[in-house]
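Visitor: I have a model open on my screen and would like to learn how to read it. Can you take me through it feature by feature?

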Amino acid sequence: MNDTVRTMRAMRASSSDPASLIIETVPVPDPGPGELLVEVRGTAITAGELSWPESWPAIPCHDLSGVVTAAGDGAHGWQPGDEVYGLVGFDRPGAAAEYVTAPAADLAPKPVSVDHLAAAAVPLGALTAWQALYEHAQLAAGQHVLVHGGAGGVGAYAVQLAALAGARVTATASARDLAFVAGLGARDVLDYSARFDDHVRDVDIVIDPVGGTATARSWPVMRSGGTLVAIAEEPDPSQGGRGDVRGVYFVVRPDGRQLRELAALIDKQQLHPGVSAVFELAALPEAFQAQRAARPPGKVVISVSRTISSGA
């Protein structure tokens, strides 16, 4: 009988303060039925995730890119050495660790044209944008789409996907990021400091990862029959007094099938991951601080290297 226990490094948070993040030595998880064990090569941070207290103490970071090392019963079609990427469910330990388990159905082959760090910048933001546009707003070519936070982790993918679908895209961004967002495919990019509602009309779809006043000011610019998809917070049920528009709030879910479609777009050079900075796993507290301070375009990515050990 082999009673060897394999261990790995993992980061845990006990509060919303990045300083609470500490690196621990913990057992390598075993994949359950239908799950894969993945050696993490890259992950990414999400603004606000440390403020999700229901999961403390938590291993954060739910974007994942890595290499399959083992498969549980029923996880067919995958082999050790397969490169995968995906979104680790929010009810599971995250990927700020050297190994993580996830349902095989939630993962997809990594885009071959990018490395693990770029791939780790994709899943949460791109899946959120995809599900917002296609599942909740029923995006169609020729529609006018307004994307708030066009340089952010969700907004940058929403701009690209809407433009690829033949929509007219208007986006909001900071003055620093106007050119960046225009380069993603937005026809019009408006500075946050300006009142976008003075310049925008006849919007079919609003993608709102920002909330607050951005949501409140969006209702008047919408066309009758339009849809506002809120991601940051649930929209006001009164919808600004508009009875002819629809407000939707949702939380992204993992989806391996959609990730395959996104990977195909990346490999065709039609969708571009955005990496703003790269930190090592041990520097995760500094990564969260940097993201909070600067809010750079794209994702702050974490490079994870293996230092697995074993002991009785």
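Guide: We will go from the whole chain to the cores, and then to single residues. Keep in mind that this is a predicted model.

Visitor: Start with the elements. How many helices and strands are there in the protein?

Guide: The protein has 7 helices and 16 strands.

Visitor: How do I judge whether the protein is as compact as a globular protein of that length?

Guide: Compare the radius of gyration with what the globule rule gives. Here the radius is 20 Å, and the rule gives 20 Å for 312 residues, so the protein is as compact as a globular protein of that length. For the outline, use the C-alpha trace: along its principal axes it spans about 70 × 40 × 35 Å.

Visitor: What share of the residues count as buried?

Guide: Buried means under 20% relative accessible area. By that cut-off, 52% of the 312 residues are buried. The surface that the protein exposes comes to about 13100 Å². Carbon and sulfur atoms supply 51% of that area.

Visitor: And what about contacts between residues far apart in sequence?

Guide: Take the contacts between residues at least 6 apart in sequence. Of these, 64% join residues at least 24 apart.

Visitor: How many positive and negative side chains are there, and how far apart are the centres of the two sets?

Guide: Count 23 positive and 34 negative side chains. The centres of the two sets lie 5 Å apart.

Visitor: Now the interior. Which residues touch the most other members of the largest nonpolar core?

Guide: That core has 49 residues, and the ones to pick out are Y85, V145, V147, V159, L161, I207 and L262. Helix α2, residues 123-136, gives the core its largest share, with 7 residues. There is also a second, separate core of 37 residues, with L36, L37, W78 and V88 among them.

Visitor: Take V145 as an example. What does V145 touch?

Guide: Skip residues up to four places away in sequence. Then V145 touches L133, L139, A162, A167, R168, V169, T170, I205 and I207.

Visitor: How do I read a single buried position, such as one in strand β15?

Guide: Check element, burial and contacts in turn. I302 sits in β15, residues 299-303. Its relative accessible area is 0%, so I302 is buried. Beyond four places in sequence, its contacts include R41, G42, T43, A44, I45, L117 and F279. L117 is 185 residues from I302 in sequence, yet their C-alpha atoms are 7.4 Å apart.

Visitor: Is F180 buried or partly exposed?

Guide: F180 is partly exposed, because its relative accessible area is 34%. This residue belongs to helix α4, residues 178-184. Beyond four places in sequence, F180 is in contact with A151 and P297. F180 and A75 are 105 residues apart in sequence and 40 Å apart in space, C-alpha to C-alpha.

Visitor: Last, the backbone. Where is Q138 found, and what is its phi?

Guide: Q138 is in the loop between α2 and β8 (144-147). Its phi is near 50°, a positive value in a residue other than glycine. With a relative accessible area of 46%, Q138 is partly exposed.

Visitor: And D202, which has a positive phi?

Guide: D202 is not a glycine either, and its phi is about 55°. Look for D202 in the loop between β10 (188-191) and β11 (203-208). D202 is partly exposed, with a relative accessible area of 44%.

How values were computed
Residues numbered from 1 in each chain as written. Predicted model: local features only at pLDDT ≥ 70, side-chain atom pairs only at ≥ 80, totals over all residues. Heavy atoms only, no water. Helix = DSSP H or I, 4+ residues; strand = E, 2+ residues; numbered from the N terminus. Rg over C-alpha atoms; globule rule 2.2 N^0.38 Å. Buried < 20%, exposed > 50% of the residue type's maximum accessible area, 1.4 Å probe, protein only. Contact = heavy atoms within 4.5 Å. Areas by Shrake-Rupley, 256 points an atom, 1.4 Å probe, with all protein chains shown as cover. Lys, Arg positive; Asp, Glu negative; His and termini not counted. Charge placed at Lys NZ, Arg CZ, Asp CG, Glu CD. Core = buried A, V, L, I, M, F, W, Y, C linked by side-chain atoms within 4.5 Å.
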